[in-house]
Amino acid sequence: MSTATAKTEPEDVQLAEPDQERLSALLVGHARPPRPSALSASMAFGWRAMLKIKHVPEQLFDVTAFPIMLVLMYTYLFGGALAGSTEEYIQFLLPGIMVMSVVMITMYTGIAVNTDIAKGVFDRFRTLPIWRPAPMVGYLLGDVLRYLLASAVMLAVGMIIGFRPEGGVLGVLAGIALLIVFSFAFSWIWTMFGLLLRSEKSVMGVSMMVIFPLTFLSNVFVDPKTMPGWLQAFVNNSPVTHLATAVRELMAGNWPAADIGWTLGWAGVLMAVFGVVTMRLYNRK
């Protein structure tokens, strides 16, 4: 005796009318999750930037190997000629070279922004129900870790070869905090260029054209009194000079109120100008 097996098609599950009404009421009445605050959204994008460092640790070379090379090279090449000994010169050089190195690595913020635009990631960011500047602020917050790491590496190397800050721990922390605040504001310049230019090579090229004259035409390496008068006028009013002087004096145990005020003023102007321009470009991108 043979038995035939019949295949049964699956039937659509139909809910009773009262169940359908309850389900509809539940879906309609279910509250949406609250919109993230500006702080939480910015912190989330900052965490994203740090995760990129975790997965691509080679990008930390510019905040580890490069600062070490600068400290050792300038100390031992010019210390004897400019100050008579490397031990004497490192007291003047280290705060300045720390300022120079951190200001130089701010340009990578613009490169990261430009790369995400090229990959289409920003198209997704703009559709999210979040505070509009959050992606930009997140980039900058993520880079604060890079600034702190570069400062710590350079300070450690300087201490090994003879740097002794008379301001102690508080003076060093105050100097680094001021440097981080200025670098955060300065980075808005590169977010603007990251949105404005079409390739990361263009962003890097423009950044180097701005950063190199600004950092070298300062009191990072030598006292401006040895320079020609026309050059002193520029150097003495440079934001990098004010920053380097403030960091140097704070680490020496002094309180340079004028240079601190100039540095914070420059930081406020940079954020007010380039932050506004960056967000206008971002909204129109």
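A residue is called buried when its relative accessible area is under 20%, exposed when it is over 50%, and partly exposed in between. This vocabulary is applied below to a predicted model. By that rule, Arg48 is partly exposed, because its relative accessible area is 24%. The chain has 285 residues, and buried residues make up 43% of them.

**Overall architecture**

- The chain contains 12 helices and 0 strands.
- Read from the N terminus, each element in the order is therefore marked α.
- Contacts between residues at least 6 apart in sequence were examined, and 78% of these join residues at least 24 apart.
- The accessible surface of the chain is about 15,800 Å², and carbon and sulfur atoms account for 67% of it.

**Helix H5 and its surroundings**

- Helix H5 covers residues 107-119, which gives it 13 residues.
- From its first C-alpha to its last, H5 reaches 19 Å, close to the 18 Å expected at 1.5 Å a residue.
- The buried residues of H5 are Met107, Thr109, Gly110, Ile111, Val113, Asn114 and Asp116.
- These buried residues pack against several other helices, namely H2 (38-55), H4 (86-105), H6 (121-127), H7 (134-160), H8 (168-196) and H9 (200-216).
- Asn114 is found in helix H5, and its relative accessible area of 5% is under 20%, so Asn114 counts as buried.
- Leaving aside residues up to four places away in sequence, Asn114 touches Gly194, Leu197, Arg198, Ser199, Glu200 and Val203.
- After H5 comes Gly120, which has a positive phi, near 85°.

**Salt bridges**

- Side chains of opposite charge can pair when their charged atoms come close.
- The count of salt bridges in this model is 2.
- One of them joins the side chains of Arg48 and Asp116, with a distance of 3.0 Å from N to O.
- This pair links distant parts of the chain, since Arg48 lies in helix H2 and Asp116 in helix H5, 68 residues apart.
- The two partners fall into separate accessibility classes: Arg48 is partly exposed at 24%, whereas Asp116 is buried at 3%.
- A salt bridge is also formed by Asp143 and Arg146, whose closest N and O atoms are 3.7 Å apart.
- Asp143 and Arg146 are 3 residues apart in helix H7, so about one helical turn separates them.
- Asp143 and Arg146 are both buried.

**Aromatic pairs**

- A pair of aromatic rings is described by the distance of the centres and the angle of the planes.
- The model has a count of 8 aromatic pairs.
- In one of these, the ring centres of Phe186 and Trp190 lie 5.6 Å apart and the planes stand at 80°; the pair is edge-to-face because an angle over 60 degrees is classed in that way.
- Phe186 and Trp190 are 4 residues apart in helix H8, which means that about one helical turn lies between them.
- Both rings belong to buried residues, because the relative accessibility is 4% for Phe186 and 0% for Trp190, and the cut-off for buried is under 20%.
- Phe212 and Phe216 form an aromatic pair with 5.5 Å from centre to centre and 10° between the planes, and this pair is stacked.
- Helix H9 holds both Phe212 and Phe216, which are 4 residues apart, about one turn of the helix.
- Phe212 has a relative accessible area of 32% and Phe216 has 33%, so each counts as partly exposed.
- Ring pairs also link Phe212 and Phe216 into a cluster with Tyr74, Phe78 and Phe221.

**A nonpolar surface patch**

- Met69, Met73, Leu77, Phe78 and Leu82 make a nonpolar surface patch of about 460 Å².
- Phe78 is thus named in the patch and in the ring cluster described above.
- Leu77, another member of the patch, lies in helix H3, which covers residues 61-83.
- Leu77 counts as exposed because its relative accessibility of 56% is over 50%.

How values were computed:
Residues numbered from 1 in each chain as written. Predicted model: local features only at pLDDT ≥ 70, side-chain atom pairs only at ≥ 80, totals over all residues. Heavy atoms only, no water. Helix = DSSP H or I, 4+ residues; strand = E, 2+ residues; numbered from the N terminus. Expected span 1.5 Å × (residues − 1). Buried < 20%, exposed > 50% of the residue type's maximum accessible area, 1.4 Å probe, protein only. Contact = heavy atoms within 4.5 Å. Patch = residues over 30% accessible without salt bridge, like charges linked within 9 Å, V, L, I, M, F, W, Y side chains within 5 Å. Areas by Shrake-Rupley, 256 points an atom, 1.4 Å probe, with all protein chains shown as cover. Salt bridge = Lys/Arg side-chain N within 4 Å of Asp/Glu carboxyl O. Phe/Tyr/Trp six-rings, centres within 6.5 Å; stacked < 30°, edge-to-face > 60°.
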